[in-house]
Amino acid sequence: MTTALYPGSFDPLTSGHLDIVTRASKLFGQLIIAVYDTPDKRLLFTTKERVELAQVATAHLPNVKATSYTGLTVDFARKTGANVIVRGLRMSSDFEHEFEMALMNKKLAPDLELVCLMSSLQYQFVSSSLLKELAQLGARLDGLVPANVATALTQKLRTTC
Ligand code: ADP
């Protein structure tokens with residue numbers, strides 16, 4: 001069975017992420033959403049919250065689980081037995097960064113393959129940072145985030161603003 005790791009900040013998980021998760025879950029035996037446990041204070045949600053939001057949003061996908069990790073992604077991949085890293089690519093913004101990271105990961109872990117899935121058209125311009133900004137300004141995010149994330153965003157912004 002091929003296990004794939006989908007690493008990222010997921011602050012929070014968007015419909016663009018969920019689209020990648022859903023498609024990747026059909027390609028691999030098991031998919032692990034790996035939420036990076038970063039000390040970055042600029043994140044809106046705690047690591048625990050980001051993991052829980054991903055778990056609830058993907059509860060209908062039996063071969064998907066979400067967990068947090070620290071340190072190098074390639075080390076976590078080894079630890080979980082994953083042989084593939086999944087990333088999503090949006091049209092303009094992601095390629096150079098993903099390519100740079102992929103080359104470095106290849107150097108660190110030559111056996112680990114990277115599979116990039118192209119973002120679906122309707123999610124090309126969806127990013128966690130833009131959605132957080134929109135939510136702060138009171139925009140409705142229907143269809144852009146899973147329902148549980150929309151609720152969590154409203155609650156979080158009410159308590160932090
Ligand atoms: P990171 O902090 O590593 O960039 P993110 O949580 O922002 O993590 O994203 C995780 C992965 O999902 C990255 O590969 C990113 O390019 C991809 N991604 C983000 N938004 C979308 C989207 N709307 N459609 C497809 N892929 C996306």
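Helix α4, spanning residues 95–108, gives the most to the lining of the largest pocket, contributing 7 residues. Keep in mind as you look around that this is a predicted model. With α4 in view, you can pick out its partners: the strands β1 (3–8) and β4 (84–89), together with the helices α1 (15–27), α3 (73–80) and α5 (128–136), each supply at least two residues of the lining as well.

Now step into the space that these elements help to line. The largest pocket holds about 1000 Å³. Its lining is made up of 40 residues, and the closest to the pocket centre are G8, S9, H17, R87 and R90. You can place some of these on the elements just named: G8 falls within β1 (3–8), H17 within α1 (15–27) and R87 within β4 (84–89). What is the chemical make-up of this lining by class? There are 18 nonpolar residues, along with 14 polar and 8 charged ones.

From here, follow α5 to the next stop. This helix supplies at least two residues to the lining of the largest pocket, and α5 also supplies at least two to that of the second largest pocket, as does α6 (147–160). Here α6 takes the largest share of the lining, with 4 residues.

The second largest pocket encloses about 220 Å³ of space. Of the 13 residues that line this pocket, A135, A139, R140, A150 and T154 lie nearest its centre. A150 and T154 sit within the α6 range of 147–160, while A135 belongs to α5 (128–136). Sorted by class, this lining has 8 nonpolar, 3 polar and 2 charged residues.

Conventions. Residues are numbered from 1 along each chain as its sequence is written. This is a predicted model: local features need pLDDT of at least 70, side-chain atom pairs count only at pLDDT 80 or more; totals for chains, interfaces and linings use all residues. Side-chain values use heavy atoms; hydrogens and water are left out. On a 1 Å grid over the protein atoms alone, a cavity is a set of points where a 1.4 Å probe fits but cannot get out, and a pocket is an open set with protein on both sides within 12 Å along at least five of seven lines; lining residues have an atom within 4 Å of a point. Grid points are joined across faces, edges and corners, and a volume is the space filled by probe spheres set on the points. Ala, Val, Leu, Ile, Met, Phe, Trp, Tyr, Cys and Pro count as nonpolar, Asp, Glu, Lys and Arg as charged, and the others, Gly among them, as polar.
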